[in-house]
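The following exercises concern the surroundings of a bound ligand and the division of a protein chain. Each task is followed by a solution in steps.

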Amino acid sequence: MKKTKLQRPTGMHDVLGEEQEYFQKIHDAVKEVVNFYHFKKIITPILEETELFVKGTGAFTDIVEKEMFSLHTKGGDHLSLRPEGTPGVVRSYIEHGMKNLPQPVKFWYFGPFFRYERPQAGRYRQFHQAGLEVIGEKNAVVDVQVIQIFYSILKKLKFKNLLIEINSLGDSQCRPNYRRLLVRYLKSRENLLCPDCKRRLKENPLRILDCKEEKCQEVVSDAPQMVDHLCDECKLHFKEVLEFLDEVGIPYYLNPYLVRGLDYYTRTVFEIIEEGENRSQGTLIAGGRYDNLIKLLGGKDTPACGGAMGVERVINALKNKKISLFQPSVPEIYLAQLGVLAKRKSLKLLENFRTAKIPVSESFSKDSLGVQLGIASKMGVKYALIFGQKEALEDSIIIRNMKTSRQDTVKIANVIKEIRKRLKK
Ligand code: ATP
Ligand code: MG
């Protein structure tokens, strides 16, 4: 049998090297901002019952129709790798009776998600999202806070020309009316729609507004718009969202065709993109309000709002713009050792530096002092600590200034203090 080379699954990638550093930076930026706003971290299972997504995300969405990784367990359970975060968080909220906590409950998450999509730039089968969910509050101020938090995170990551696209999808009172109007209009032009949209006309007509095909966009440009058909409550809610956005000075663009790919959205939907970028691969963050979802999944009627950031999309955008988030850190100290006793004592000494929070580099597996000092000089450290046989016996150590070559011998017990003095730490 021919031996095939093992490789990663299509559309999935290893997070290595520079990408790993970007991941860490993004995670830290998200964590810092959401902590300020008192969001609690939540980790839900990577697998959930398939039914959760069929009900929650929606049976006629692209995600559930085409993009899920689903499996049957040996015990007969039907599970799917989570394609998005909101249904799992809502399931957890209901399952743990969180309605009894002070509302709203505010969660954030950061983790992998899976969609069986055609891999291309900015589109993977395993990708990561950082998400927010605020459950138990209907006030428009929450919608704006979610947007504001994501906006601040991107600003922190040095993004400049950001654009918020926003729309309202109404609620169960006004959307059915609008849907009828839209279907009536689209039916009159059905022959001009792409095959996908012809199908959507029956199952999910609102999605047609979002179709990327040019001929569909032309049809849509004359279609009735949801914003003109909102009920009074939804109109007021949307007005408040826009007023709050004005108040915090976040620039937005009202996009009447923004509908988002998930069924559960009500009222506010938004996307954050970079100005001038292509929306199909350039949407960095997307979200909205989902006032019907908690009840739909078996909980009490509870309003909620949230959103999610595509971590790989953010990394790609940073790389494209050559935004570097890190200065390479040059280690300042190198510990060189010679002889068995010194090597043994170096293990303990290195730990002492770690607890003193002073970074030290070493190559303990090397025995030659010359080789070690060569490494130290290549690294560009300021000081090398030389721990030879004689020093190990006398509990002393040499501090060598790599620039001036000056060497001082100090007691081992004082070396941290002496290094601190030299580094002015
Ligand atoms: P799109 O229209 O780009 O397919 P979506 O509506 O499916 O996006 P959401 O479900 O709202 O996206 O996910 C939120 C964010 O997660 C997106 O804005 C994007 O940044 C990211 N994202 C979604 N799908 C992928 C994917 N397959 N690969 C990488 N990132 C993704
Ligand atoms: Mg998608």
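**Exercise 1.** State which strands each supply at least two residues of the shell around ligand 1.

*Solution.* Step 1: strands are DSSP runs (E, at least two residues), numbered from the N terminus. Step 2: in this predicted model, the strands in question are β6 (126-135), β10 (283-289) and β11 (304-310). Step 3: β10 contributes the most, namely 3 residues.

The model is predicted, so that local features need pLDDT of at least 70 and side-chain atom pairs pLDDT 80 or more, whereas totals for chains, interfaces and linings use all residues. Residues are numbered from 1 along each chain as written, chains are lettered from A and ligands numbered from 1 in written order, and side-chain values use heavy atoms, without hydrogens and water.

**Exercise 2.** Describe the residues around ligand 1 and its polar contacts (pairs of N or O atoms within 3.5 Å).

*Solution.* Step 1: a residue is near the ligand if one of its heavy atoms lies within 4 Å. Step 2: there are 15 such residues, of which Arg 115, Glu 117, Arg 123, Arg 260 and Thr 283 come nearest. Step 3: the side chain of Arg 115 places an N or O atom 2.6 Å from a ligand oxygen, and that of Glu 117 places one 2.7 Å from a ligand nitrogen. Step 4: Leu 284 has a backbone N or O atom 3.3 Å from a ligand oxygen. Step 5: the protein buries 91% of the 580 Å² that ligand 1 exposes alone (Shrake-Rupley method, 1.4 Å probe).

**Exercise 3.** Give the domains of the protein chain and the separation of their C-alpha centres.

*Solution.* Step 1: an automatic or database assignment gives domain 1 (17-174 + 230-320) and domain 2 (333-423). Step 2: their C-alpha centres are 50 Å apart.

Conventions
Polar contact = N/O pair within 3.5 Å; in protein donor to acceptor, adjacent residues only side chain to side chain. Helix = DSSP H or I, 4+ residues; strand = E, 2+ residues; numbered from the N terminus.
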